[in-house]
Amino acid sequence: MLALFIVLGIVALIALFWVGIYNNLIKKRNWVKEAFGQVDVQLQKRNDLIPNLVNTVKGYAQHESSTLEAVVKARQQLINLPNDADPAEINVKSNALTGALSRLLVVAEQYPELKANTNFLQLQNSLETIEKEIAIARQLYNSSVTEYNNLVETVPNNIVAGVHGFQTQKVLETPAEDRAVPEVQF
């Protein structure tokens with residue numbers, strides 16, 4: 001009889017341990033989803049700002065249509081992604097939009113009257129703020145993914161994770177062309 005209670009006690013401890021690990025995996029996975037949700041919110045804020053910025057620049061720089069079209073096209077590609085798009089794919093499209101916006105701001109530098117326009121300056125400041133918020137949200141996402149992946153891959157969590165189908169997630173990475181050190185010439 002004592003042996004039965006010992007076995008039941010061990011089984012109960014293992015079950016509690018299993019449930020604890022499982023619940024922790026669920027929490028971390030949900031944190032990853034929430035962190036990416038924050039990236040998504042910041043990307044949407046930027047997408048909402050872009051038409052105003054493009055229209056403001058368009059009024060001054062009418063012959064820079066290819067740059068304006070590139071911004072609009074990159075924004076549309078990001079908006080057209082399905083709701084269940086992979087975070088890495090969203091990151092690629094977002095980086096393309098960032099590049100197009102950078103080119104747009106370079107064009108704006110060529111128009112002193114545009115740079116002095118209050119509306120443009122406010123839009124540009126808003127864009128800079130949103131870009132910083134996107135970077136912070138991406139950092140939070142990557143931290144959440146790393147925590148989650150560590151949990152999924154370490155013993156004994158990996159046993160519970162494997163049984164219940166938890167998979168590692170990918171961190172958002174900077175494209176190789178953006179990692180290159182810029183060449184500075186005077």
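Here is a walk through this predicted model, one selection at a time.

**Stop 1: the long axis of α1**

Start by selecting residues 2-60, which make up helix α1. The helix has 59 residues, and from its first C-alpha to its last it reaches 87 Å, close to the 87 Å expected at 1.5 Å a residue. Now slide along to L49, where α1 bends by about 30 degrees. Keep P51 in the selection too, since this proline follows the bend residue within four residues.

**Stop 2: the start of the chain**

Go back to the beginning and pick M1, L4, F5 and L8. Turn on the surface: these four form a nonpolar patch there, with about 470 Å² of accessible area together. What spacing would put side chains on one side of a helix? In general, an α-helix has 3.6 residues a turn, so residues three or four places apart point the same way. L4, one of the patch members, is found in helix α1. Its relative accessible area is 47%, so L4 ranks as partly exposed rather than exposed, which takes over 50%.

**Stop 3: salt bridges between α1 and α5**

How many salt bridges does the structure hold? There are three, so let's take them in turn along α1.

Select K28 and E147 first. Their closest N and O atoms are 2.5 Å apart, and the two form a salt bridge. K28 sits in helix α1 and E147 in helix α5, so this pair ties together parts that are 119 residues apart in sequence. Are the two partners buried or exposed? K28 counts as buried, at 14% relative accessibility, while E147 is partly exposed at 40%.

Next, select K45 with E133. This salt bridge has its closest N and O atoms 2.8 Å apart. Again the lysine is in α1 and the glutamate in α5: K45 and E133 tie together parts 88 residues apart in sequence. K45 is partly exposed, at 36% relative accessibility, and E133 is partly exposed as well, with a relative accessible area of 27%.

Now step to R46 and add E131. Here too a salt bridge forms, the closest N and O atoms being 2.8 Å apart. R46 belongs to helix α1 and E131 to helix α5, so the link spans 85 residues in sequence. Check the surface around the arginine: R46 is buried, with 0% relative accessibility. Its partner E131 has a relative accessible area of 22%, and that makes it partly exposed.

**Stop 4: T56 and N119**

Carry on along α1 to T56, which lies in this helix. T56 is buried, with a relative accessible area of 12%. Show the side chain of N119 as well: a polar contact of 3.3 Å joins the side chains of T56 and N119.

**Stop 5: a cis bond after α5**

Select V155 and P156 and look at the backbone. Which way is the peptide bond between V155 and P156 set? The bond is cis, with omega near 0 degrees. For context, most peptide bonds are trans. P156 is found in the loop between α5 (118-153) and α6 (157-164).

**Stop 6: into α6**

Finish with I159, found in helix α6. At 48% relative accessibility, I159 counts as partly exposed. For a last distance, draw a line from its C-alpha to that of L43: I159 and L43 are 36 Å apart in space and 116 residues apart in sequence.

Conventions. Residues numbered from 1 in each chain as written. Predicted model: local features only at pLDDT ≥ 70, side-chain atom pairs only at ≥ 80, totals over all residues. Heavy atoms only, no water. Helix = DSSP H or I, 4+ residues; strand = E, 2+ residues; numbered from the N terminus. Expected span 1.5 Å × (residues − 1). Bend = angle between axes of the 7 residues up to and from the residue. Patch = residues over 30% accessible without salt bridge, like charges linked within 9 Å, V, L, I, M, F, W, Y side chains within 5 Å. Areas by Shrake-Rupley, 256 points an atom, 1.4 Å probe, with all protein chains shown as cover. Salt bridge = Lys/Arg side-chain N within 4 Å of Asp/Glu carboxyl O. Buried < 20%, exposed > 50% of the residue type's maximum accessible area, 1.4 Å probe, protein only. Polar contact = N/O pair within 3.5 Å; in protein donor to acceptor, adjacent residues only side chain to side chain.
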